[in-house]
Amino acid sequence: MKKLVVLTGAGISAESGIKTFRDADGLWEGHDVMEVASPEGFRKNPELVLDFYNKRRAQLKEVQPNKAHLILAQLEAYFEVHIVTQNVDDLHERAGSKNIIHLHGELLKVRSINNTTIFYEWTTDIKMGDTDKHGSQLRPHIVWFGEEVPEIENALTIVEQADYLAVVGTSLQVYPAAGLINYAKQHIPVFYIDPKPATIYDLPNPLEIISLSATEGMEVLREKLVEML
């Protein structure tokens with residue numbers, strides 16, 4: 001079975017109603033992103049940061065996977081599908097996809113502030129005083145600005161193995177995620193779905209740009225991929 005690797009970003013979740021900070025001139029739900037998405041912001045005002053992600057977690061319960069998520073899950077009938085996502089929601093999982101790497105963490109997990117290997121599933125609010133088994137405060141399991149991306153090596157390995165590569169709903173501006181396409185084998189086809197696609201320079205692969213929304217573009221891509229089998 002051929003391996004389809006799909007890089008997804010905020011654009012695919014936006015169609016389910018999840019907002020991103022880039023939609024509002026650098027503000028994320030009214031906050032400067034460095035206040036709520038950096039270690040410095042957490043040290044300065046941990047209550048604000050916890051409340052911010054508690055609200056994001058509550059919002060996540062109110063939205064559903066959209067057609068793009070569902071099509072990706074359905075493609076597992078034809079391909080070995082691996083999703084590498086910059087999104088921290090669980091919409092890919094809820095749509096039925098099995099192989100998912102979350103580059104920037106997961107909203108429904110928490111981790112210790114003192115030990116990055118200690119984390120827990122978490123679906124309710126995080127409060128000051130919620131601690132790990134050693135008594136250390138818990139924080140969102142999110143990769144904040146300035147922090148390492150622990151899953152990047154796994155993502156690189158998956159991209160290198162791809163027979164087909166698709167990019168859905170990401171501007172390809174945030175590194176290291178944006179550099180992943182450069183690790184694909186040079187002969188494999190790359191499909192880029194975005195209503196306002198960024199310019200991709202010096203990519204040696206055959207590239208097809210589908211200038212549509214994630215849901216519309218995935219319908220087109222599904223037909224193309226199945227025809228290529």
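In the predicted model, the second largest pocket has a volume of about 320 Å³. Its lining is made up of 16 residues, and those nearest the centre of the pocket are Arg111, His141, Val143, Pro150 and Glu151. Two elements, β5 (100–102) and β6 (105–112), each give two or more residues to this lining. The largest share, four residues, is that of β6. Sorted by class, the lining of the second largest pocket comprises six nonpolar, four polar and six charged residues.

Enclosed space was examined as well. Rolling a probe the size of a water molecule over the atoms shows where empty space is left. Across the whole structure, one cavity of 30 Å³ or more is found. The largest cavity holds about 50 Å³ of space. Its lining consists of Leu7, Val84, Thr85, Gln86, Leu103, Thr170, Leu172, Ala177, Ala178 and Leu180. Seven of these lining residues are nonpolar and three are polar, with no charged residue among them. Charged residues are thus absent from the lining of the largest cavity, whereas six are present in that of the second largest pocket.

Helix α8 (residues 214–228) contains 15 residues, which at 1.5 Å a residue should span 21 Å; the C-alpha atoms at its ends are 20 Å apart, in agreement with that expectation. Within α8, the buried residues are Ala214, Thr215, Gly217, Met218, Leu221 and Leu225. Because these residues cover an arc of only 145° around the axis, they lie on the same side of α8. An α-helix has 3.6 residues a turn, so residues three or four places apart point the same way. On the face of α8 turned away from the buried side are the exposed residues Glu223 and Glu227. The cover over the buried residues of α8 includes the strands β1 (3–8), β9 (164–168), β10 (190–193) and β11 (207–210), together with the helices α1 (10–14) and α5 (67–74).

One residue of strand β10 is Phe191. With a relative accessibility of 4%, Phe191 falls in the buried class. Beyond its neighbours within four places in sequence, Phe191 is in contact with Leu165, Ala166, Val167, Glu208, Leu221, Lys224, Leu225 and Met228. Among these partners, Leu221 and Leu225 also belong to the buried residues of α8. The C-alpha atoms of Phe191 and Pro206, residues 15 places apart in sequence, are separated by 8.6 Å.

Helix α4 (residues 46–60) likewise has 15 residues, and the distance from its first C-alpha to its last is 21 Å, close to the 21 Å expected at 1.5 Å a residue. Its buried residues are Pro46, Val49, Leu50, Phe52, Tyr53, Asn54, Arg56, Arg57, Gln59 and Leu60. Two of them, Leu50 and Tyr53, are in contact with Pro140, a residue of strand β8 (residues 138–142). Pro140 is counted as buried because its relative accessibility is 1%. Outside its neighbours within four places in sequence, the other contacts of Pro140 are with Lys109, Val110, Arg111 and Ile126. Of these, Arg111 is also one of the residues nearest the centre of the second largest pocket. Pro140 and Ile83 are 57 residues apart along the chain, and their C-alpha atoms are separated by 22 Å.

Key: Residues are numbered from 1 along each chain as its sequence is written. This is a predicted model: local features need pLDDT of at least 70, side-chain atom pairs count only at pLDDT 80 or more; totals for chains, interfaces and linings use all residues. Side-chain values use heavy atoms; hydrogens and water are left out. On a 1 Å grid over the protein atoms alone, a cavity is a set of points where a 1.4 Å probe fits but cannot get out, and a pocket is an open set with protein on both sides within 12 Å along at least five of seven lines; lining residues have an atom within 4 Å of a point. Grid points are joined across faces, edges and corners, and a volume is the space filled by probe spheres set on the points. Ala, Val, Leu, Ile, Met, Phe, Trp, Tyr, Cys and Pro count as nonpolar, Asp, Glu, Lys and Arg as charged, and the others, Gly among them, as polar. The expected span of a helix is 1.5 Å times one less than its number of residues. Buried means under 20% relative accessible area, exposed over 50%, partly exposed in between (1.4 Å probe, protein chains only). The arc is that of the directions from the helix axis to the C-beta atoms. Contact means heavy atoms within 4.5 Å.
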